[in-house]
Amino acid sequence: MKKLIFTVAVLAAMVTVACSTEKRAEDEGAALKAKIENCTNPDSMKIYVKQAQEYADKLVKEGKDDAANAFMDEVVPAVQAKDPVAAASFAELQAKEAVDSLAAAAKDKAQEVSDSVSAKVSDAKDAVKDAAAAAKDKTAEAAGAVKDKAANAAAAAKEKTANAVKEGADKLKDAISK
């Protein structure tokens, strides 16, 4: 009974923590946006912009691309309204990340193509080896068949020659005996 109660208590604690973590993530984005909207100091604005960028990066790393884009769509206008210079650096960071993301995607695609080509080349090499082995086997079979036919032909020729010699000898004997 104690184990059951303990298990239920642990599950309840896990559910509470999981729900509060999502709420904290949402609160963090909203808090950053509120800080940016209420900021009057340019130096603080740069820090808040950097924090917003780090938060967006964190969302992307967690696989929440849509949430990161939605956050950026909300924050960029607030930054532009307060400090156009910071907004430009913010946009520059976004552009750099987009280029880096595209470069990484291109690199991944190139690796996939390279792996695919390597696999195809390997398959082709295996097919050529298999065809060569099959041709070698057929050549060996054909050579064996030719060798057998040649041996049979030689035996038949030997037998015919022996029969012809015997017939010739018999005819010679008959001719001498007469």
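Just after helix 2 of this predicted model, Gly 63 takes a positive phi of about 85°. The protein around this glycine holds 4 helices and 0 strands, and the pattern read along the sequence is α-α-α-α. Of the 178 residues in the protein, 13% are buried, and the points below describe where some of those residues lie, together with the contacts that side chains make.

**Helix 2**

- Helix 2 covers residues 42-61, and its 20 residues should span 28 Å at 1.5 Å a residue, which agrees with the 29 Å that separates its end C-alpha atoms.
- The buried residues of helix 2 are Met 45, Val 49, Ala 52, Gln 53, Tyr 55, Ala 56 and Leu 59, and because they cover an arc of only 160° around the axis, they lie on the same side of the helix.
- On the other side of helix 2 the picture changes, since Asp 43, Lys 46, Lys 50 and Lys 61 are exposed there.

**Helix 3**

- Helix 3, made of residues 65-82, has 18 residues and reaches 26 Å from its first C-alpha to its last, which is close to the 26 Å expected at 1.5 Å a residue.
- The buried residues in helix 3 are Ala 68, Phe 71, Met 72, Val 75, Val 76, Ala 78 and Val 79.

**An aromatic pair between helices 2 and 3**

- A search of the whole structure finds 1 aromatic pair, and its members are Tyr 55 and Phe 71, whose ring centres are 4.8 Å apart and whose planes stand at 75°, so the pair is edge-to-face.
- This pair links distant parts of the chain, because Tyr 55 belongs to helix 2 while Phe 71 belongs to helix 3, 16 residues apart.
- Are the two partners buried or exposed? Tyr 55 has a relative accessibility of 6% and therefore counts as buried, and Phe 71, also at 6% relative accessibility, counts as buried too; the cut-off for this label is a relative accessible area under 20%.

**Salt bridges**

- Side chains of opposite charge can pair when their charged atoms come close.
- With a cut-off of 4 Å between the side-chain nitrogen and the carboxyl oxygen, the count in this model comes to 4 salt bridges, and three pairs among them are described here.
- In the pair of Glu 37 and Lys 33, the side chains meet with a distance of 3.7 Å from N to O, and the two residues, which are 4 residues apart in helix 1 (residues 2-38), are separated by about one helical turn.
- Both partners of that pair count as partly exposed, with Glu 37 at 37% relative accessibility and Lys 33 at 24%.
- Glu 62 and Lys 64 also form a salt bridge, in which N and O are 3.5 Å apart.
- Here again the partners are partly exposed, since Glu 62 has a relative accessible area of 44% and Lys 64 has a relative accessibility of 38%.
- Another salt bridge brings together the side chains of Glu 112 and Lys 109, at 3.7 Å from N to O.
- Glu 112 and Lys 109 are 3 residues apart in helix 4 (residues 84-177), which means that about one helical turn separates them, and Glu 112 is partly exposed, with a relative accessible area of 48%.

**A nonpolar patch on the surface**

- Which residues form a nonpolar patch on the surface? Val 113, Val 117 and Val 121 do so, and together they have about 240 Å² of accessible area.
- One of these residues, Val 113, has its place in helix 4, and with a relative accessible area of 47% this valine is partly exposed.
- A residue needs over 30% relative accessible area to be part of a patch, and the 47% of Val 113 is the value to set against that cut-off.

Technical notes:
Residues are numbered from 1 along each chain as its sequence is written. This is a predicted model: local features need pLDDT of at least 70, side-chain atom pairs count only at pLDDT 80 or more; totals for chains, interfaces and linings use all residues. Side-chain values use heavy atoms; hydrogens and water are left out. Buried means under 20% relative accessible area, exposed over 50%, partly exposed in between (1.4 Å probe, protein chains only). The expected span of a helix is 1.5 Å times one less than its number of residues. Patches are made of residues with over 30% relative accessible area and no salt bridge: like charges are joined within 9 Å, nonpolar side chains (Val, Leu, Ile, Met, Phe, Trp, Tyr) within 5 Å. Accessible areas come from the Shrake-Rupley method with a 1.4 Å probe; for residues, only the protein chains shown count as cover. Rings of Phe, Tyr and Trp (its six-membered ring) pair if their centres lie within 6.5 Å; planes under 30 degrees apart count as stacked, over 60 as edge-to-face and the rest as tilted. The arc is that of the directions from the helix axis to the C-beta atoms.
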